[in-house]
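Dear colleague,

Please find below the structure I said I would pass on. My notes on one part of the fold follow it.

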Amino acid sequence: MHELGLMTGVMDAAVKAAREAGAVRLLSVKLSIGEANEAVEDALFFAFDALAAADPFTEGAVLDLTMVRPRSICLECGEEFEHDLYSRLCPACDSFATELVAGRELSIESIEVDLPES
């Protein structure tokens, strides 16, 4: 289950940023992940919830997840198109010369934290 490894890295980065900002709690993480990473959406939520529950700083934190569909560009005709994980044939010219431009990313878009009262 590589989803646990992915979420461990996400949680570590989010907690580090939250602590550096002086937060008292991490409330939520907004994450974009490409479908080409072949991560199972339910497993990502499960892993996040399990990791969040293990630390009072993150307990109850919520994951806002966006799955990004694969998108490629044709190197022959320039057509940009969305596709499934395995069909990267250009729909405009039938070329196999395509390059993946989206769908492999893993990006923390934002975090929400609880800051101490001044």
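The notes below concern a sheet and a helix that lies across it. Please bear in mind that this is a predicted model.

The sheet is open and has three strands in the order S2-S1-S6, with mixed pairing. Its edge strands are S2 (62-68) and S6 (106-114), each of which pairs on one side only. From one strand to the next, the twist averages 10 degrees. Strand S1 (residues 25-34) runs parallel to S2, and seven bridges join the two. As for individual bridge partners, Gly34 is matched in S2 by Val68.

Helix H2, residues 41-53, lies across S1 and S2 and runs at about 155 degrees to S2. The length of H2 agrees with expectation, because 13 residues at 1.5 Å a residue should span 18 Å and the end C-alpha atoms of the helix are 19 Å apart.

The two sides of H2 may be described in turn. Ala43, Leu44, Ala47, Phe48 and Ala52 are the buried residues of H2. Viewed down the helix axis, these buried residues fall within an arc of 165 degrees, so they line one face of H2. An α-helix has 3.6 residues a turn, and therefore residues three or four places apart point the same way. The buried residues of H2 pack against helix H1 (2-20) as well as against S1 and S2. On the other side of H2, the exposed residues are Asp42, Phe46 and Ala53.

With kind regards

Note on methods. Residues numbered from 1 in each chain as written. Predicted model: local features only at pLDDT ≥ 70, side-chain atom pairs only at ≥ 80, totals over all residues. Heavy atoms only, no water. Pairing = 2+ DSSP bridges. Helix = DSSP H or I, 4+ residues; strand = E, 2+ residues; numbered from the N terminus. Axes fitted to C-alpha atoms, helices over the stretch in contact; angles between N-to-C directions. Contact = heavy atoms within 4.5 Å. Expected span 1.5 Å × (residues − 1). Buried < 20%, exposed > 50% of the residue type's maximum accessible area, 1.4 Å probe, protein only. Arc of directions from axis to C-beta.
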